[in-house]
Amino acid sequence: MSATLTADRSAPARTTAPEYRLSTKGIVRSEWHKLWTLRSTWITLITASALVIAVGITMGATYDGDDSEVDTIVFTLFGTQLSQICLAVLGILVTAGEYSTGMIRSSLAAVPRRLPVLWSKAGVFAAVAFTLCLVTNVVTFFLAQIWLADSDKELSLTDSGVFGALTTSAASITLLSLIALALGALLRSVPGAIGAFVAAVLILPEILAMLPFAAVDTAMKYFPAQAASSLGSVTRVENTIAPGTAVCTLALWAAAILTAATMLLKRRDV
């Protein structure tokens with residue numbers, strides 16, 4: 001009896017390992033942390049914002065009335081054409097960059113269901129890109145108006161359509177960048193995704209525009225870059241779809257490519 005008690009007392013106590021449960025909030029927090037700990041994120045975002053502001057100030061400071069027919073917001077935010085490239089590359093790095101470094105193995109091992117990883121990446125990136133673009137657009141608008149005051153391009157943020165144009169400009173850049181992010185997840189290659197984005201979104205429409213078919217001209221209005229061109233202006237751009245339709249079109253393009261990437265993510269090995 002005493003031997004039994006002695007054996008029981010000397011036996012090590014059993015401990016239960018703590019249980020860790022995955023949650024959407026935790027996955028989003030992880031993706032947020034990964035995004036902001038990359039040096040490329042800071043460099044790309046600062047560059048994208050600086051380009052828009054620098055070009056906006058230059059356009060305002062050098063305005064002499066020659067471009068009076070150009071919409072004021074389009075004229076002021078001319079630098080968004082450069083920032084779009086920066087944010088598209090960043091979107092590709094968010095997804096395809098993890099495949100090039102092998103970090104994706106750890107991400108998917110931590111989240112075996114896989115899909116929350118991709119959608120969290122897209123959500124975090126979209127929130128950061130839209131916030132940056134909107135703040136940059138507003139700052140650029142105010143700075144450019146310092147030189148555009150008392151000219152035919154003088155506007156106030158409270159004027160009809162001004163804030164809406166600044167917002168839709170930010171939305172168009174964000175959605176185009178989401179398309180780039182989706183291509184990165186689909187192709188799993190940084191060079192391949194950059195090449196696909198440039199070829200399909202920027203170059204292909206210009207080639208198709210040379211075809212003498214009315215149906216092609218109509219269809220091209222719903223291509224990503226062409227839909228984005230109808231956004232970001234106070235006045236309606238000729239030969240483009242309505243701004244609301246343009247936002248929906250860009251959202252559908254991004255959702256379609258993300259859906260394709262999601263299906264492949266479920267079926268392919270890492």
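In the predicted model described here, Asn 239 lies in the loop that connects helix H11 (224-228) with helix H12 (243-267). The backbone of Asn 239 has a phi near 60°, which is a positive value in a residue other than glycine. Most residues other than glycine have a negative phi. With a relative accessible area of 65%, Asn 239 is exposed, because exposed residues are those over 50%.

A second loop residue with a positive phi is Asp 150, whose angle is near 65° although the residue is not a glycine. Asp 150 is placed between helix H7 (115-148) and helix H8 (162-187), in the loop that joins the two. The relative accessibility of Asp 150 is 75%, so that Asp 150 counts as exposed.

Gly 79 likewise occupies a loop, in this case the one between helix H4 (72-76) and helix H5 (80-101), but its relative accessibility is 0%, and Gly 79 therefore counts as buried, the cut-off for burial being under 20%. When residues up to four places away in sequence are left aside, the residues touched by Gly 79 are Leu 51, Val 52 and Val 55. Asp 64, which is 15 residues from Gly 79 along the chain, has its C-alpha atom 18 Å from that of Gly 79.

These loops belong to a chain whose secondary structure consists of 12 helices and 0 strands, and the order of elements along the sequence accordingly reads α-α-α-α-α-α-α-α-α-α-α-α. The chain is more spread out than a compact globule, because its radius of gyration is 24 Å, well over the 18 Å that the globule rule gives for 270 residues. The spans of the C-alpha trace along the principal axes of the chain are about 105 × 45 × 30 Å.

As to contacts within the chain, 76% of those with a separation of 6 or more are accounted for by residues 24 or more positions apart. Of the 270 residues, 42% count as buried, and Gly 79, at 0% relative accessibility, is one of the buried residues. The accessible surface of the chain amounts to about 14700 Å², and carbon and sulfur atoms contribute 65% of this area.

With regard to charge, the chain carries 18 positive and 17 negative side chains, and a distance of 26 Å separates the centres of the two sets.

Definitions and conventions: Residues numbered from 1 in each chain as written. Predicted model: local features only at pLDDT ≥ 70, side-chain atom pairs only at ≥ 80, totals over all residues. Heavy atoms only, no water. Helix = DSSP H or I, 4+ residues; strand = E, 2+ residues; numbered from the N terminus. Rg over C-alpha atoms; globule rule 2.2 N^0.38 Å. Buried < 20%, exposed > 50% of the residue type's maximum accessible area, 1.4 Å probe, protein only. Contact = heavy atoms within 4.5 Å. Areas by Shrake-Rupley, 256 points an atom, 1.4 Å probe, with all protein chains shown as cover. Lys, Arg positive; Asp, Glu negative; His and termini not counted. Charge placed at Lys NZ, Arg CZ, Asp CG, Glu CD.
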